[in-house]
Structure formats: C-alpha cells, structure tokens
Amino acid sequence: MDNAGTVEPAGFDDALAPLPAEGEGFETDWPIRTGDVAPAGRLRFDGIARYLQDIGSDNLAATPLGLTDPFWIVRRTVIDVHEPVQFPDHIHLRRWCSSMSTRWSNMRVSMSTGKGGSIETEGFWISISAKTGMPTRISDDALDMLARTTDQHRLKWKAWLTEPVPPESDTDIKFPLRATDIDSFDHVNNAAYWHAVEEFLVDYPDLVAGPHRAVIEYLYPVLGKEQVGIRHRYESGSLTVWFVVDGAVRTVAKIAPIS
C-alpha cells in the first residue's frame, strides 16, 4: 500500500464520499420499526444509529471478518438527512468502506426508501483487540476486502467538533443512565446518546424539518453508573450538545441545516 492515497482530515461541512461501483458493498433492507420513530413518524437519530450498528453486525456476519476482526467501536458518526424517512416505509441500506488505514476505516452507509427517504452516513470505526481493549491492526484479509471500494489507505483522525464547552450553568441537565444504555464493553451504547439530542429537538423542530447534518464524536467512553451532565447551545440555527462527566467532555454532537 505504499502508493495509496492519503485522506486529509476533513471538517464539518465536507461532502461524504460518493457511491462505489455497482455491485460493491453490503446491502440489506427491513421495514421501519415503530420503536424507532418520533410521534409524527420521523425516523429518529437513535433509530438511525441502531440501523448503522445492525448493518455493521450483519456485514461482519456475512463475511470472514466476523471471525478475524469481530470487535469495532465507532469514534464519529456523520448523518446527512436529505429527505427524512417516515413511518410506515421500507428502508434499503448499502454499506461500504470509503477510506481506511491499518487500524480504522470510514464506513459509508446509504439509506433510501420507496417513499423518497434519503439519508447518507459515514462512521469512523476502529478495530479493537479482544485481549487489550485497545486499537489493533486489521487483518490482511480484512484490509484486502475493505480496499475493494477505496484507494484511500492512509486515513487520519482529526476531531471536527472542537468548539469549547460552555461553562456550567443553570441550563445544564442531568442524563441519568439506564441499565439498557450500557453495551458489552460497559460503555454507553452509541445510540443512547441520541436520546438526549432528541429531547432538545422537541424544542427545535425546524432544525430537522429540512435537510440537515448531524455529527457525533465519542471522545472518551462513558461507563455504566457514571454521572453525566449535558450542556447545550443553540446558535445561528445549529444545535450543539456536550456530554460532560466530572467537568470533562466525553462526547459532542452537533446538528445544522445543509443546503
């Protein structure tokens, strides 16, 4: 891979990678579930996050990666909602690698429905060692498989959401963790963070009425039984939410309109 391209760190407003060649990637579909939608029928962000987890698991199970490279955690998820998915409907998902390095990869998932729903996503996924819980080298076979849909083999990490967290104030709220929020790593499951974001969207419905981008970055894991506080800022039509433990930011999410 000495002549492979380098992916320069992107930013919040950068476009996602285009679709791969016809026939490449992993595809599946299922009906929209009632537990994943808001009262008006919009597929919620936590529902989208679960779909991304589910297609990732199905993708692993359908290939040798389920045995050679079974453990991955997501560091960032980008969700571009061009046309909201509405219940009832049936969703088609297509997943492929859009850039990679030896320990992580950007995995794109395109979601579309027969009624015109259109969501494009990209996740920065890190391969994890079952023995150490730390990032580990992706197997050679997995690297070959991922490389089928990208020539970008030197993916770098750089945080997109770097705005300083607001100071503590009386607008802070608590985010009580439930037993069902915790995954097999004893971390808060990445879909659970979106429950808090959806709480704020009740007050800012216009933000998700048109095309919008949502980005969440998991900086440090939140463990079960930790005390989590949330700070937020709504400014210039954008919502930013910080998840704070003992005064330190663990996760940041931002939603903004896109043209």
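# A guided reading of the fold, from arginine 250 outward

Leaving aside its neighbours within four places in sequence, arginine 250 is in contact with Glu217, Tyr218, Leu219, Tyr220, Pro221, Val222, Glu226, Phe243 and Val245. The model in which these contacts are found is a predicted one. Arginine 250 belongs to strand 12. The residue counts as buried because its relative accessibility is 14%, and the cut-off for that class is under 20%. One of its contacts, glutamate 217, lies 33 residues away along the chain, yet the C-alpha atoms of arginine 250 and glutamate 217 are separated by 8.7 Å.

Strand 12 is part of a broader arrangement. An open sheet of 10 strands, with antiparallel pairing, follows the order 2-4-5-6-3-9-12-11-10-8. Strand 2 and strand 8 (173-174) occupy the edges; each has a single partner strand, and therefore one side of each is left without a neighbour in the sheet. In general, strands of a sheet pair through backbone hydrogen bonds, in either a parallel or an antiparallel manner.

At the end of the sheet that begins with strand 2, the pairing can be followed residue by residue. Strand 2 and strand 4 are antiparallel and are paired over 6 bridges; within this pairing, glutamate 27 stands opposite arginine 94 of strand 4. Strand 4 (residues 90-100) is in turn joined to strand 5 (residues 104-113) by 9 bridges, and these two strands also run antiparallel. They form a hairpin, with 3 residues between them. Across the hairpin, histidine 92 stands opposite serine 112 in strand 5, while arginine 95 stands opposite valine 109 in strand 5. Of the 11 residues of strand 4, 9 are buried, so this strand is largely enclosed by the rest of the structure.

Helix 1 lies across several of these strands. They are strand 2, strand 3, strand 4, strand 5, strand 6 (118-127), strand 9 and strand 12 (248-257), and the helix runs at about 135° to strand 2. Helix 1 also contributes to the largest pocket, where it provides the largest share of the lining, 5 residues. Helix 1, strand 3, strand 4, strand 5, strand 6 and helix 3 (140-146) each supply at least two residues of that lining. The pocket holds about 1000 Å³ of space. Its lining comprises 46 residues, of which Trp72, Ile73, Val74, Arg95 and Trp125 lie nearest the centre. Arg95 thus appears in two settings, in the lining of the pocket and opposite valine 109 in the strand pairing.

The charged side chains provide another route through the model. A search of the whole structure finds 13 salt bridges. One of them joins aspartate 80 to arginine 213, with the closest N and O atoms 2.6 Å apart. This pair links distant parts of the chain, since aspartate 80 is in strand 3 (residues 72-83) and arginine 213 is in strand 9 (residues 212-218), 133 residues apart. Aspartate 80 counts as buried because its relative accessible area is 6%, and arginine 213 is likewise buried, at 4%. Elsewhere, salt bridges that share partners join Asp36, Arg44, Asp46 and Arg50 into one network.

Within that network, arginine 50 forms a salt bridge with aspartate 46, the closest N and O atoms being 2.7 Å apart. The two residues are 4 residues apart in helix 1, so about one helical turn separates them. Their surroundings can be compared through their accessibility: arginine 50 is partly exposed, with a relative accessible area of 24%, whereas aspartate 46 is buried, with a relative accessible area of 1%.

A further salt bridge leads to helix 4. Arginine 42 pairs with glutamate 198, and their closest N and O atoms are 2.7 Å apart. This pair also links distant parts of the chain: arginine 42 is in the loop between strand 2 (26-31) and helix 1 (45-61), glutamate 198 is in helix 4, and their positions lie 156 residues apart in numbering. Both arginine 42 and glutamate 198 are buried. Helix 4 (residues 193-201) is itself mostly covered, with 7 of its 9 residues buried. Those buried residues are Tyr193, Trp194, Ala196, Val197, Glu198, Phe200 and Leu201.

Conventions:
Residues are numbered from 1 along each chain as its sequence is written. This is a predicted model: local features need pLDDT of at least 70, side-chain atom pairs count only at pLDDT 80 or more; totals for chains, interfaces and linings use all residues. Side-chain values use heavy atoms; hydrogens and water are left out. Buried means under 20% relative accessible area, exposed over 50%, partly exposed in between (1.4 Å probe, protein chains only). A salt bridge is a side-chain nitrogen of Lys or Arg within 4 Å of a carboxyl oxygen of Asp or Glu. Two strands pair if DSSP finds at least two bridges between them. Contact means heavy atoms within 4.5 Å. Axes are lines fitted to C-alpha atoms, for helices over the stretch in contact, and angles run from 0 to 180 degrees between N-to-C directions. On a 1 Å grid over the protein atoms alone, a cavity is a set of points where a 1.4 Å probe fits but cannot get out, and a pocket is an open set with protein on both sides within 12 Å along at least five of seven lines; lining residues have an atom within 4 Å of a point. Grid points are joined across faces, edges and corners, and a volume is the space filled by probe spheres set on the points.
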